[in-house]
Amino acid sequence: MNELDSSIAAIGLEAGPLSQWLHRRLTEAGLDAMFMETRQVKGALKAMPIKTDRRDADGNARL
């Protein structure tokens, strides 16, 4: 984890069953974590012509 610390600006979490626990642990580790509204993320990613898990992850990171 220490190798990545300098390259991570923020971590966006989509709301889900584990997101509150994960947010708490990430912030305790000193990382900047924030929640993203699921409907807004879905709307932003809807314009992508080809849907794959990899492209979804990339889109989430860009948001």
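**Exercise 1.** Which residues does I11 touch, not counting residues up to four places away in sequence?

*Solution.* The model is a predicted one, and the contacts are read from its atoms. Once residues up to four places away in sequence are set aside, I11 touches L26, L31, D32, A33 and M34. As a next step, compare this list with the largest nonpolar core, which has 5 residues, namely I11, L13, L26, L31 and A33. L26, L31 and A33 thus appear both among the contacts of I11 and in the core.

**Exercise 2.** Describe the overall arrangement of the protein, beginning with its secondary structure and ending with its surface.

*Solution.* Begin with the elements: the secondary structure comes to 3 helices and 2 strands, and along the sequence these follow the pattern β-α-β-α-α. Then turn to burial, where 17% of the 63 residues count as buried. Next consider the contacts with a separation of 6 or more, of which 21% are accounted for by residues 24 or more positions apart. Finally, the protein exposes about 5200 Å², and carbon and sulfur atoms supply 53% of that area.

**Exercise 3.** Classify S19, Q20 and L22 as buried, partly exposed or exposed, and give the reason in each case.

*Solution.* Place the residues before classifying them: S19 is in helix α1, Q20 lies in helix α1, and L22 is likewise found in helix α1, which spans residues 19–28. S19 counts as buried because its relative accessibility is 8%, and the cut-off for buried is under 20%. Q20 counts as exposed because its relative accessibility is 59%, where exposed requires over 50%. L22, at 33% relative accessibility, therefore counts as partly exposed.

**Exercise 4.** Which backbone oxygen does the side chain of S19 reach, and at what distance?

*Solution.* The side chain of S19 reaches the backbone oxygen of G16, and the distance is 2.9 Å. To complete the surroundings of this residue, leave out residues up to four places away in sequence; S19 then touches L13, E14 and F35. One of these, L13, is also a member of the largest nonpolar core.

**Exercise 5.** Which residues make the nonpolar surface patch of about 310 Å², and how many residues apart in sequence are Q20 and M34?

*Solution.* For the patch, the residues are L18, W21 and L22, and L22 is the partly exposed residue of helix α1 that was classified above. For the pair, Q20 and M34 are 14 residues apart in sequence, while in space their C-alpha atoms are 10.0 Å apart.

Terms used
Residues numbered from 1 in each chain as written. Predicted model: local features only at pLDDT ≥ 70, side-chain atom pairs only at ≥ 80, totals over all residues. Heavy atoms only, no water. Patch = residues over 30% accessible without salt bridge, like charges linked within 9 Å, V, L, I, M, F, W, Y side chains within 5 Å. Areas by Shrake-Rupley, 256 points an atom, 1.4 Å probe, with all protein chains shown as cover. Salt bridge = Lys/Arg side-chain N within 4 Å of Asp/Glu carboxyl O. Helix = DSSP H or I, 4+ residues; strand = E, 2+ residues; numbered from the N terminus. Buried < 20%, exposed > 50% of the residue type's maximum accessible area, 1.4 Å probe, protein only. Core = buried A, V, L, I, M, F, W, Y, C linked by side-chain atoms within 4.5 Å. Contact = heavy atoms within 4.5 Å. Polar contact = N/O pair within 3.5 Å; in protein donor to acceptor, adjacent residues only side chain to side chain.
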